[in-house]
Amino acid sequence: MSPGEGSVRPILVTQPDLPPLAELLPSLELLWESRHLTNQGPFHQRLEQALAEHLQVPALSLFCNGTVALLAALRALALDGQAEGGEVLTTPYSFVATAHVLRWVGLTPVFVDIDPETFAIDPARLEAALTPRTRAVLPVHVYGYPCDTVAIDAFARRHGLKVLYDAAHAFGVRTPGPGLLRAGDLSVLSFHATKVFHTFEGGAVIGPDARTKQQLDRIRNFGFVDEVTVDSIGINGKMNELQAAVGLLQLPRLEDHRQRRAAVDAAYRAGLADLAASGAVVLPPVSRADAHNHGYFPLRVTAAFGCGRDDLYQRLREAGIYARRYFHPLISEFPMYSAMPGADPAQLPVATQIAREILCLPMHASLTDDEVERVLREIRRAVA
Ligand code: T4K
């Protein structure tokens, strides 16, 4: 069955929040009146400022999506176009965009295994992957679990490397100290429809200061400085006014939604506690963050479950429950990456094992208690 068929509402892995349509209409009227549809208009400026305040970051540049934001960040860090074939230490356990952006600008991803507690690149393994060609580290805060930014940033400083954090999943994750999004040189967020904060499509680069923001803003707009001056080979990475207007309406709703997802998380944990105690599943780690965004519920289905992870995935689908195997296959298993340094599964035992076991359960703010119960019931039915 595909989502939408059958009589009961399908339970999707995620569903975007939308404000009531009536709340968007005044913004649409303004847009129709002003005809200022894109190119850093008033909605764009308001959203940039509102997000910088909301996330408590010194500088934020909006982008049309997270992938282009990553490309722009690589350019701002002068990492693209490395004539001598620059290498970037990164994780195989992510959405494929993380590695695609490296290849897109001619960099070579070097895959490093992950830490089973954070699902993120294991800082203890970075040293061994270093070569004279290493230029940077591109870690990912997978599912919003913070990487060990202290260890990663210290490693990078020791070796003169740049650090670009793929924070696509980490919107609203709060850690002690200056904050997760201020680690490394730059961080990139995704505002795709499947994310906890979305603008249909969208993204942002978080930087340390106004100078970096100005550089990113120019890269986003073809490199234009003014009407007659172009200072870099930029791109069209702009978010349009309609996207920004939608984003502004999302902001006041975020905390309520986070709390609902936290309640779903707690219900899953309680409902699966006995299966975890028997070793049939491994519950997601409890985040070390002060505030987690609960964007995902990554459950590991072990051999003790009895039926395999893929069988459970299939049985849930047949019951109208569309869990997802994020992130299987590993990026390093895709044909364009399988010959890259570090891609051999023997060098990635933790990531390989977790990718075999992982199943992200439905997690979004519009899930009802009954739907959560349905998910738990179907999982129990599948235990062999
Ligand atoms: N880095 C990381 C670590 C990322 O995870 C991502 C994106 C990026 C970089 C790149 O950022 P962007 O350029 O995308 O801003 C989804 C998203 O398309 C992708 O943005 C996301 N990561 C990835 C983890 O998930 P799919 O292929 O799983 O999406 P799809 O269409 O199967 O949707 C998943 C579920 O969401 C479906 O069950 C239905 C529901 N859905 C989806 C959409 C698009 C809706 O209800 N409404 C919608 O409009 O990739």
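So, one bit of vocabulary before we start: when I say helix, I mean a DSSP run of H or I with at least four residues, and the helices are numbered from the N terminus. With that in hand, we can place aspartate 153, which sits in helix H6, residues 149–159. And please keep in mind that what we're looking at is a predicted model.

Let's stay with aspartate 153 for a moment. Is this residue buried or exposed? Its relative accessibility is 13%, and the cut-off for buried is under 20%, so aspartate 153 counts as buried. Who does it meet in there? Leaving out residues up to four places away in sequence, aspartate 153 touches Val163, Tyr165, Ala183 and Gly184. With tyrosine 165 there's a polar contact, side chain to side chain, at 2.7 Å. One more distance here: aspartate 185 is 32 residues away along the chain, and its C-alpha atom is 9.0 Å from that of aspartate 153.

Okay, on to the sheet. It's an open one with seven strands, and if you walk across it you go E2-E8-E7-E6-E5-E3-E4, with mixed pairing. Which strands stand at the edges? Those are E2, residues 59–63, and E4, residues 108–111; each has a single partner strand, so one side of each has no neighbour in the sheet. From one strand to the next, the twist averages 25 degrees.

Have a look at the E4 end. E4 pairs with strand E3, residues 87–90, in the parallel sense, and there are four bridges between them. If you want one to find on screen, take threonine 90, whose bridge partner in E4 is phenylalanine 111. As a general reminder, strands of a sheet pair through backbone hydrogen bonds, parallel or antiparallel.

Now the helices on that sheet. Helix H4, residues 97–104, packs on it and touches E3, E4, strand E5 (134–138) and strand E6 (162–166). The direction of H4 makes about 140 degrees with that of E4. Then there's helix H2, residues 42–55, lying across E2 and strand E7 (186–190) and running at about 135 degrees to E2.

H4 comes back when we turn to the ligand. Helix H3 (66–76) and H4 each supply at least two residues of the shell around it. How many residues surround the ligand? There are 25, and the closest are Thr67, Asp166, His169, Ser190 and Tyr326. Let me pick out three polar side chains. Threonine 67 has a polar side-chain atom 2.6 Å from a ligand oxygen. For aspartate 166, the partner is a nitrogen atom of the ligand, at 2.7 Å. And histidine 169 puts a polar side-chain atom 2.7 Å from an oxygen of the ligand. As for area, the ligand taken alone exposes 930 Å², and the protein buries 75% of that.

Last stop, further along the chain. In helix H11, residues 349–357, the buried residues include Val350, Ala351, Ile354 and Ala355. What do the buried residues of H11 pack against? The answer is strand E12 (297–301), helix H10 (309–318) and strand E14 (358–361).

Then there's glutamate 371, found in helix H12, residues 369–382. Glutamate 371 has 7% relative accessibility, so it counts as buried. Its side chain reaches the backbone nitrogen of threonine 368 at 3.0 Å. Not counting residues up to four places away in sequence, glutamate 371 touches Arg9, Ile11 and Ser366. That's my tour, thanks.

Conventions:
Residues are numbered from 1 along each chain as its sequence is written. This is a predicted model: local features need pLDDT of at least 70, side-chain atom pairs count only at pLDDT 80 or more; totals for chains, interfaces and linings use all residues. Side-chain values use heavy atoms; hydrogens and water are left out. Two strands pair if DSSP finds at least two bridges between them. Axes are lines fitted to C-alpha atoms, for helices over the stretch in contact, and angles run from 0 to 180 degrees between N-to-C directions. Contact means heavy atoms within 4.5 Å. Buried means under 20% relative accessible area, exposed over 50%, partly exposed in between (1.4 Å probe, protein chains only). A polar contact is a pair of N or O atoms within 3.5 Å; within protein, one must be able to donate a hydrogen and the other to accept it, and residues adjacent in sequence count only if both atoms are side-chain atoms. A residue is near a molecule or strand if one of its heavy atoms lies within 4 Å of it. Accessible areas come from the Shrake-Rupley method with a 1.4 Å probe; for residues, only the protein chains shown count as cover.
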